[in-house]
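Visitor: Could you take me through some features of this model?
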Amino acid sequence: MKQRELGRTGISVSEMCLGTMTFGTQTSEADSHAQMDMALDHGVQFWDCAEMYPVNPLSRETQGDAERILGNWFETTGRRGEVVLATKHSGEGYMNVRDGAPITAETIPAAIEGSLARLKTDVIDLYQFHWPNRGSYMFRKNWTFDPSGQNRAETIAHMEDALGALQKEVERGTIRAFGLSNESAWGTCQWLNVAERMGGPRVASVQNEYSLLCRLYDTDMAEMSLNENVGLLAFSPLGAGLLSGKYQGGAVPEGSRKSLVPEMGGRITPRVFDAVEAYLAIAARHELDPVHMALAWTLTRPFVGSSIFGATTVGQLEHALGAVDLSLSSEVLEEIDVAHKAHPMPY
């Protein structure tokens with residue numbers, strides 16, 4: 001498994017990252033632990049979690065269970081030191097955590113302490129803000145998101161206060177690095193500017209959705225990443241499973257995400273299945289597994305720091321790991337670009 005540096009932190013992470021958002025709902029604790037064993041044995045030593053996980057469904061009753069499952073594995077195996085561990089502070093409006101309170105300098109210490117206790121660890125390697133207080137273009141809001149009501153002075157003041165609180169946590173030894181999630185180019189650059197001006201941890205990464213079906217990152221975010229050395233942690237690189245082809249022809253496998261969330265977070269649209277079919281055809285022509293092709297493609301992008309893939313079952317994880325050694329030909333990459341132009345942003 002190849003390693004990449006996390007921003008300018010000096011922390012090396014595997015170029016594929018284990019996502020854990022189903023741990024505790026779709027994936028039992030025993031199966032979750034088996035996935036962690038398998039991932040680490042294959043060199044996937046970068047793992048991503050969040051205080052709000054698991055999902056499918058989200059609930060106040062299960063909030064934090066994914067972190068608890070990781071913590072139990074760390075306690076049982078004693079292998080915490082082999083893992084680069086990431087988790088997230090939930091953003092404003094998520095009522096199952098802090099009754100929807102925004103991220104503030106006051107919420108940060110308690111949120112970190114809660115995650116540390118559930119994870120049964122003394123330090124979080126990458127601490128991320130799950131989404132910005134001011135809102136986001138992510139989660140299909142790119143079609144309608146309107147930033148005209150934002151208050152720039154309030155946003156910058158929030159960043160200053162939050163970075164001050166994060167710096168105290170760095171000095172306390174509870175976090176090593178800071179990352180964003182579901183952020184914009186302007187927002188990321190403001191975080192960078194504030195850190196340079198007044199101190200505090202520099203943004204190391206941005207975790208945004210990125211796949212053959214969702215390429216919002218390809219424009220100004222890509223330019224920001226490359227110029228500022230802030231890598232993309234690509235989530236949903238398989239388009240929430242759509243790029244596997246398992247939902248083509250109206251199929252809804254039992255226990256799949258679509259069986260639990262029929263609209264797949266807004267990803268089911270009149271155009272999406274034609275787009276998926278175009279990529280499946282490319283894989284078939286070149287005798288590639290479509291899952292492997294989709295994952296390997298994200299790793300060809302020069303701004304990607306790591307690609308976060310999740311699996312409901314151990315079998316799915318084993319299958320996904322087959323992408324590790326795949327190198328895509330120039331012909332495949334050219335055909336992918338043609339398909340993208342024919343089927344841009346299908347959701």
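Guide: We shall discuss a pair of helices, then a single helix, then a loop residue. The model is predicted, with local features needing pLDDT of at least 70, side-chain atom pairs counting only at pLDDT 80 or more, and totals for chains, interfaces and linings using all residues. Residues are numbered from 1 along each chain as its sequence is written, and side-chain values use heavy atoms, leaving out hydrogens and water.

Visitor: At what angle do H4 and H5 cross?
Guide: The axes of H4 (residues 152-172) and H5 (residues 185-198) cross at roughly 55° and come within 10 Å. That makes H4 oblique to H5 (neither under 35 degrees, nor over 145, nor 65 to 115).

Visitor: Which residues of H4 and H5 meet?
Guide: Among them, Ile156, Met159 and Leu163 are on the H4 side, while Trp186, Trp191 and Val194 are on the H5 side; contact means heavy atoms within 4.5 Å. The residues of this contact divide into nine nonpolar, four polar and three charged.

Visitor: Turning to H2, which of its residues are buried?
Guide: They are Ala66, Glu67, Ile69, Leu70, Gly71, Trp73 and Phe74, where buried means under 20% relative accessible area.

Visitor: And what covers the buried residues of H2?
Guide: The cover includes helices H1 (29-41) and H3 (107-119), together with strands S4 (46-48) and S5 (84-89).

Visitor: What follows H2?
Guide: Glycine 78 does, and its phi is positive, near 70°.

Visitor: Is aspartate 325 buried or exposed?
Guide: Aspartate 325 is exposed (over 50%), at a relative accessible area of 75%. Its place is the loop between H10 (314-320) and H11 (330-342).

Key. Axes fitted to C-alpha atoms, helices over the stretch in contact; angles between N-to-C directions. Helix = DSSP H or I, 4+ residues; strand = E, 2+ residues; numbered from the N terminus. Nonpolar A, V, L, I, M, F, W, Y, C, P; charged D, E, K, R; others polar. Buried < 20%, exposed > 50% of the residue type's maximum accessible area, 1.4 Å probe, protein only.
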